[in-house]
Amino acid sequence: MSEFNTSDFMNPMMTQTWTNGRHLVRCVKVIAETHDVTTFTFGMSQPVLFFFKPGQFVTLELEIDGERVMRSYTISSSPSIPYSFSITVKRVPGGKVSNWLHDNLKSGDQIAVHGPVGQFNCMDFPADKVLLLSGGVGITPVMSMARWWFDTDSEVDMVFAHSARTPNDIIYAKELEYMSTRIDNFQMHLICERNEIGQAWGGYRGYMNLHMLSLIAPDFMEREVFCCGPEPYMEAVRNMLRDAGYDMDRYHEESFGETPAKDVKQAEKHADEAELEDQLPKETVQISFADGDATAAVELGVTLNEAAAEAGVNIAKACGVGICGACRVKVVSGNVEMTHNGGITEEEIDAGYVLSCCTQVKGDVQIET
């Protein structure tokens, strides 16, 4: 097998880096976190490094009932796992977008996203000791921060205090427990307003207050604070810290609510430009399969994997970046261009094989799966 060269794999000429703008991404995983909270993970067919600052958000561009809708969600994953990113969404009664996502978005679907953007992040406010406070689905940005520090073996001293309605409403409960058992610099504290019949709970109960905070983080006055949750929760935290004499210059928060106007305006501009571009005629080519009747007209430049999906043919794919070789297919005829990362031998290439995840269609093509 040809030598895998790490420097080549990370070469920006071979692997793109995420930048603020409009991007078409595909949903690759849908994970139920709780009874009303779901995580959606997105990626791209071509290698793209989704670098962002933990705590930042993206704006989803959706079409619901024939209307373009923009809605922002914090990235809940960490840039330490760079070939995908995730958002975690709570179903809200009457929520137009959250309910649409829960009821409609599935693995394989493609949507447009804008970003990443946001001033609330841990990289712009470095600290040796932090206090991460969250309420409900406000856990998402601080979870991104905690995952980043955990994955990168950081020595940042973390106290993670999360408030939920009941034990069944704790998002990422198993992962938080795992993190707390693996490293010494991650202290987890969970607070539930109440526990319902049949729910065992031995943690903190009620609402966060100064006495509880002093038990959770006796040295909170020395820590940088990152906070996210519903406005009443954050207002209570702000008042509590001010009353304690905390230096509010070291307090950072991200609130729920409307996307900042400047970010909406930029996203709308990008969406309008994309809409105009979509109206222009696209050059298409034909893909067909030697071992079946499936054919499809696809846009020039898509990957063989994407082209096969358009034709209703599933080609197995694992890494998606040309390393593993799981998506190998044989080109019977046609013009293609492959940029791989070591997942195929020269002998296989000479025999006509390619890796469909990183091979672009450059003309009519027939393949054998």
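The following legends describe close-up views of a predicted model of one protein chain.

**Figure 1. Overview of the predicted protein chain.**
The protein chain has 369 residues, of which 48% count as buried. Its secondary structure comprises nine helices and 19 strands. Among contacts in the chain with a separation of 6 or more, 68% involve residues 24 or more positions apart.

**Figure 2. The largest nonpolar core of the chain.**
This core contains 29 residues, and L132, F160 and L176 are the members that touch the most other members. At least two residues of the core come from each of β9 (129-135), α3 (139-151), β10 (157-164), α4 (173-182) and β11 (186-192). Helix α3 gives the largest share, with seven residues. A second core of 23 residues is separate from this one, and its members include C27, F50, I75 and L105.

**Figure 3. The surroundings of F160.**
Which residues does F160 touch, when those up to four places away in sequence are not counted? They are L132, S134, I139, V142, M143, A146, L176, F186, Q187, M188 and H189. Two of these, L132 and L176, stand with F160 as the residues of the largest nonpolar core that touch the most other members.

**Figure 4. The packing of helices α3 and α4.**
The two helices pack at an angle of about 35°, and their axes lie 12 Å apart. The crossing of α3 past α4 is left-handed. From α3, the contact is made by I139, M143, A146, R147 and F150. From α4, the residues that take part are E175, L176, Y178, M179 and R182.

**Figure 5. The arginine R147 in helix α3.**
Is R147 buried or exposed? R147 counts as buried because its relative accessible area is 14%, under the limit of 20%. When neighbours within four places in sequence are left aside, R147 is in contact with the serines S76, S77, S78 and S80, and also with Y172, E175 and M179. Of these, E175 and M179 belong to the part of α4 that meets α3.

**Figure 6. An open sheet of six strands.**
The strands follow the order β6-β5-β8-β2-β3-β7, and their pairing is antiparallel. At the edges are β6 (67-74) and β7 (85-90), each of which pairs on one side only. From one strand to the next, the twist averages 40°. Helix α2 (residues 96-104) packs on the sheet and touches β3 (37-43), β5, β6 and β7. The direction of α2 makes about 80° with that of β5.

**Figure 7. Strands β5 and β8, with a cis peptide bond.**
Strand β5 (residues 57-64) pairs with strand β8 (residues 110-117) in the antiparallel sense, over four bridges. One bridge partner in β8 is V113, which is matched with L60. A cis peptide bond joins G115 and P116, with omega of about 10°. The residue P116 is placed in strand β8.

**Figure 8. Two residues with a positive phi that are not glycines.**
D153 has a phi of about 55° and is found in the loop between α3 and β10. Y172 has a phi of about 65° and is placed in the loop between β10 and α4. The two residues can be set side by side by accessibility: D153 is exposed, with a relative accessible area of 65%, whereas Y172 is buried, with a relative accessible area of 5%. Y172 is also one of the residues in contact with R147.

**Figure 9. Cysteines without a disulfide bond.**
How many disulfides does the structure hold? The number is zero. A disulfide requires two cysteine sulfur atoms within 2.5 Å. For C227, the closest cysteine sulfur is that of C228, at 7.1 Å, so the pair is too far apart for a bond. For C358, the closest cysteine sulfur is in C357, at 3.9 Å, which is likewise too far for a bond. C227 counts as buried because its relative accessibility is 0%. C358 also counts as buried, with a relative accessibility of 2%.

Key:
Residues numbered from 1 in each chain as written. Predicted model: local features only at pLDDT ≥ 70, side-chain atom pairs only at ≥ 80, totals over all residues. Heavy atoms only, no water. Core = buried A, V, L, I, M, F, W, Y, C linked by side-chain atoms within 4.5 Å. Buried < 20%, exposed > 50% of the residue type's maximum accessible area, 1.4 Å probe, protein only. Contact = heavy atoms within 4.5 Å. Pairing = 2+ DSSP bridges. Axes fitted to C-alpha atoms, helices over the stretch in contact; angles between N-to-C directions. Left-handed = near helix turned anticlockwise from the far one by under 90°.
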